[in-house]
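Hi,

Here is the structure I said I would pass on. Have a look at it first, and then read my notes below.

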Amino acid sequence: MSAESFLTQQEELEVIEAIREAERATSGEIRVHLESSHPDPAYDRAREVFHELGMDATDLKNGVLIYVAVDDHAFAICGDQGINEVVPPDFWDCTRDIMQDHFRHGNFKQGLIEGIARAGEKLKTFFPWQEGDKDELSNEISRG
Ligand code: CA
Ligand code: CA
């Protein structure tokens, strides 16, 4: 398993569609980044990738990165400061749990899709979609 074989091309399209769908309800911007392995803890690495991808450039500081280190069997959800300032500390727990459950059973696509959907639902409470919304961050999956 590598970051390349983690999702088939078809599955990748479905994940991108899930992001598009989630972003119809919230101004939050969700991205997925895959890499094979990294020595740093997943959350630390996610923060780093978040900045490398320029995800801190959103107006409301409400970008969210779902980072997966495929070979390390590790992932992390990392939101920008605009989110952290207004949500409770356990905000991402249920999203993480859903993903973990699917990943554990090897259902990577499903884990991502349901995690994205849940993240979108959670975000819309604090960051509802607004007229004139822009797709501030690409919905494409990035790889490291
Ligand atoms: Ca948007
Ligand atoms: Ca987007």
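A good place to start is E29, which bridges two calcium ions, ligand 2 and ligand 1, that lie 5.5 Å apart. Keep in mind as you read that this is a predicted model. E29 sits in strand β1 (residues 29-35), while L137 is in the loop between α5 (108-126) and β4 (142-143), so this pair ties together parts that are 108 residues apart in sequence. E29 counts as buried because its relative accessibility is 1%. L137 counts as buried too, at 8% relative accessibility.

What does the protein offer the calcium ion (ligand 2) as donors? The list is E23 (OE), E23 (OE), E29 (OE), D135 (OD), L137 (O) and N139 (OD1), at 2.2 to 2.7 Å from the ion. Along the sequence, the donor residues follow the spacing E-x5-E-x105-D-x1-L-x1-N. The site of this calcium ion (ligand 2) is irregular, with angles of 52 to 174° among its 6 donor atoms. For reference, six octahedral donors would ideally show angles of 90 or 180 degrees.

Next, the nonpolar interior. The largest nonpolar core has 31 residues, and those touching the most other members are F6, I30, V32, V68, L112 and I116. Which elements give two or more residues to this core? They are α1 (9-22), β1, β2 (63-69), β3 (74-79), α4 (93-104) and α5. The largest share, 6 residues, comes from α5.

I30 makes a handy landmark here. Leaving aside neighbours within four places in sequence, I30 is in contact with I19, A22, E23, V64, I66, I116, A119, G120, L123 and S138. One of those contacts, E23, is also a donor to the calcium ion (ligand 2), and another, I116, is on the list of core residues that touch the most other members.

Apart from the largest core lies another one, of 11 residues, among them A42, A69, A76 and C78.

That brings me to the cysteines. The count of disulfides comes to 0. C78 is in no disulfide, and the nearest cysteine sulfur, that of C94, is 17 Å away. C78 is buried, with a relative accessible area of 0%, whereas C94 is partly exposed, with a relative accessible area of 25%.

Last, the aromatic rings. How many aromatic pairs does a search of the whole structure find? There are 6. In one of them, the rings of F6 and F103 have their centres 6.1 Å apart and their planes at 85°, so the pair is edge-to-face. This pair links distant parts of the chain, with F6 in the segment before α1 and F103 in helix α4, 97 residues apart. Both F6 and F103 are buried.

The rings of F91 and F126 are also edge-to-face, because their planes are at 80°, with the ring centres 5.6 Å apart. F91 lies in the loop between α3 (81-84) and α4, and F126 in helix α5, so this pair ties together parts that are 35 residues apart in sequence. Is each ring buried or partly exposed? F91 counts as buried at 3% relative accessibility, while F126 is partly exposed, with a relative accessible area of 35%.

Finally, F6 turns up once more: together with F75, F103 and F108, F6 forms one aromatic cluster.

Best wishes

Conventions:
Residues are numbered from 1 along each chain as its sequence is written. Chains are lettered from A and ligands numbered from 1 in the order in which they are written. This is a predicted model: local features need pLDDT of at least 70, side-chain atom pairs count only at pLDDT 80 or more; totals for chains, interfaces and linings use all residues. Side-chain values use heavy atoms; hydrogens and water are left out. Donors are N, O and S atoms within 2.8 Å of the metal (3.2 Å for Na, K and Ca); water is not among the atoms, so sites may look incomplete. Four donors count as tetrahedral if all angles lie between 85 and 135 degrees; four count as square planar and six as octahedral if opposite donors are over 155 degrees apart and all others between 65 and 115; anything else is irregular. Helices (H or I, at least four residues) and strands (E, at least two) are DSSP runs, numbered from the N terminus. Buried means under 20% relative accessible area, exposed over 50%, partly exposed in between (1.4 Å probe, protein chains only). A nonpolar core is a set of buried Ala, Val, Leu, Ile, Met, Phe, Trp, Tyr and Cys residues joined through side-chain atoms within 4.5 Å. Contact means heavy atoms within 4.5 Å. A disulfide is a pair of cysteine sulfur atoms within 2.5 Å. Rings of Phe, Tyr and Trp (its six-membered ring) pair if their centres lie within 6.5 Å; planes under 30 degrees apart count as stacked, over 60 as edge-to-face and the rest as tilted.
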